[in-house]
Each structure stands twice: as C-alpha cells, then as structure tokens.
Amino acid sequence: MGLSLDFGSPVNTALLLYILYSVQRILFPSTEIPLTIPNEFKSGYSWIPESHPPTLLYKTYTPITLEPFNGKDGGRILLAIDGIVFDVTNGRNFYGPNGMYGNFAGRDASRGMAKQSFDTEMLTPLDQPLDKLEGLAKDEIENMKGWIDHFSNKYIVCGNLVNNGAV
Ligand code: HEM
C-alpha cells in the first residue's frame, strides 16, 4: 500500500483537491472587490470588503448634542419625537437646510408634530429642560403618536433624548 499519495481513486483525488482549494479560499480570502459584487450566496463570497460599511450606534442624546445633526453641514440628520431619536438622513429633501421641515432637524420635534406646526414656539430652546408636552390635547398627542408610527416604519431609531447634563 502506497503511503500518503495513494488517494484510492481519481474521484477521491479530485475531491481532496477541491477541499484544499476551498479551505485555501476561506483561510486566504481575496481583498480585491470583484468586478460585480455577488448578490447571492451561489455566486461566491471569498473576498473581504475593503472597509466595514457605515454603522449606526444607538446613543443617548441631549438637546445640545442633538442640535449639530441638523444637516446644515451635509452630514447626518437626526430629530426626536417624544424622546425617540430618529435618523432621518434619508429624508434630506424634507429635513435638509432647504427642506420644508428643516426646522425639526436636530431638534425635539414632539410639540410641532403634535400640533402640526412649524412655529418657532414649538421648539424648546436648546438650554431648557425637555418639553414635558403639557397642555397638549388628547388628539394632539394621538397625532404625535401617529408621526412616531410613520417615522418608525420609515427611519431607523438611533437613540433617545434626555435632558442636558443627564448623560
Ligand atoms: C401646506 C401644507 C403641507 C403640505 C402641502 C405638505 C405636504 C407634504 C408632502 C407632499 C409630504 C410627503 C409625503 C410622502 O412622500 O411620504 C409630507 C410629509 C410630511 N409632512 Fe407635510 N405638508 C404640509 C404641512 C405639514 C405640516 C404643518 C407639518 C408639521 C408637522 C408637516 C409634516 C410632515 C412630515 C413630518 C412629513 C413626513 C416626512 C417624512 O416622511 O420624513 N406637514 N407633507
């Protein structure tokens, strides 16, 4: 009986070569992005993306740390409703500097959403405690919750909003 080179049959030799090739592809994946990115498992995935795709970290914001996310610098746009912070960057047409709802960008939009209003009095000044939503009618609260539903279905929740100094 031959030593290690006797694989028994050509089929076994072929299988062994295939296994060695597969293991080699797993251990030493290519870092080159293929010309066409595979979109199904069958077309193969033995490559490493050059960089990790952008990630979204759930964070606690305060009015002051939320405000810079107003999209004026072309960056991410966040807004809060009832303490929930949404990443509305994909809605830049609405919330960007030229957007119809740009007033809400980087802000606690709760009261404006409840009362369906862009009035500046709807926004709590940045250095003040969070709006406790006092004085809102039941249907206004319902309206606000409707917007939370809308935003939850459309955007990603990326944090919560607490008072300045609470983190
Ligand atoms: C002249 C009055 C208004 C017009 C013509 C108008 C028009 C629109 C239109 C066309 C959309 C897009 C809907 C979609 O594509 O999903 C929209 C969405 C929206 N509107 Fe208005 N709107 C008006 C007033 C208001 C007011 C007063 C508010 C105050 C809260 C408001 C808040 C919003 C919000 C938050 C959205 C959702 C945007 C998103 O999905 O990110 N709108 N509006």
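# Exercises on a predicted model with a ligand

UniProt, in an unreviewed entry, lists residues 61-162 as "domain: Cytochrome b5 heme-binding". UniProt positions follow the numbering used here, feature names are shortened, and annotations may be inferred rather than shown by experiment. The model is predicted: local features need pLDDT of at least 70, side-chain atom pairs count only at pLDDT 80 or more, and totals for chains, interfaces and linings use all residues. Residues are numbered from 1 along each chain as its sequence is written.

**Exercise 1. Describe the span 61-162 by its ends and its secondary structure.**

Step 1. The C-alpha atoms at the ends of residues 61-162 lie 6 Å apart.
Step 2. The span is 30% helix and 15% strand. Helices (H or I, at least four residues) and strands (E, at least two) are DSSP runs, numbered from the N terminus.

**Exercise 2. Work out how S1, S2, S3 and S4 pair.**

Step 1. Two strands pair if DSSP finds at least two bridges between them.
Step 2. Strand S1 (residues 59-61) and strand S4 (residues 156-161) pair in the parallel sense over three bridges. Lys59 has Gly159 in S4 as its bridge partner.
Step 3. S3 and S4 pair in the antiparallel sense over four bridges, and Ile84 stands opposite Asn160 in S4.
Step 4. S2 and S3 also pair in the antiparallel sense, over four bridges. Here Ile81 has Ile84 in S3 as its bridge partner.
Step 5. The hairpin of S2 and S3 has two residues between the strands, and Asp82 takes a positive phi near 50 degrees there.

**Exercise 3. Find which elements give residues to the largest nonpolar core.**

Step 1. A nonpolar core is a set of buried Ala, Val, Leu, Ile, Met, Phe, Trp, Tyr and Cys residues joined through C-beta atoms within 7 Å. Buried means that 20 or more other C-beta atoms lie within 10 Å of the residue's own, exposed means 12 or fewer, and partly exposed lies in between, with C-beta atoms placed from the backbone.
Step 2. The largest core has 20 residues, and those with the most contacts inside it are Leu66, Leu78, Leu79, Ala80 and Val85.
Step 3. Strand S2 (78-81), strand S3 (84-87), H4 and H5 each give two or more residues to this core. S2 gives the most, with four residues.
Step 4. In S2, Leu78 and Ala80 point one way, Leu79 and Ile81 point the other way, and all are buried. In a regular strand the side chains alternate between the two faces of the sheet.
Step 5. Beyond neighbours within four places in sequence, Leu78 has contacts (C-beta atoms, placed from the backbone, within 7 Å) that include Leu66, Val85, Phe86 and Cys158.

**Exercise 4. Characterise the shell around the ligand by residue and class.**

Step 1. A residue is near the molecule if its C-beta atom, placed from the backbone, lies within 6 Å of it. The residues around the ligand are Val88, Gly91, Phe94, Tyr101, Gly112, Met113, Gln116, Ser117, Phe118, Trp147 and Lys154.
Step 2. Helix H4 (110-115) and helix H5 (138-154) each supply at least two residues of this shell.
Step 3. Ala, Val, Leu, Ile, Met, Phe, Trp, Tyr, Cys and Pro count as nonpolar, Asp, Glu, Lys and Arg as charged, and the others, Gly among them, as polar. The shell then has six nonpolar, four polar and one charged residues.

**Exercise 5. Are Pro63 and Asn98 buried or exposed?**

Step 1. Pro63 is found in helix H2 (residues 63-66). Pro63 is buried because 23 other C-beta atoms lie within 10 Å.
Step 2. Asn98 sits in the loop between helix H3 (92-95) and H4. Asn98 counts as exposed because it has 9 C-beta neighbours inside 10 Å.

Methods. Two residues are in contact if their C-beta atoms, placed from the backbone, lie within 7 Å.
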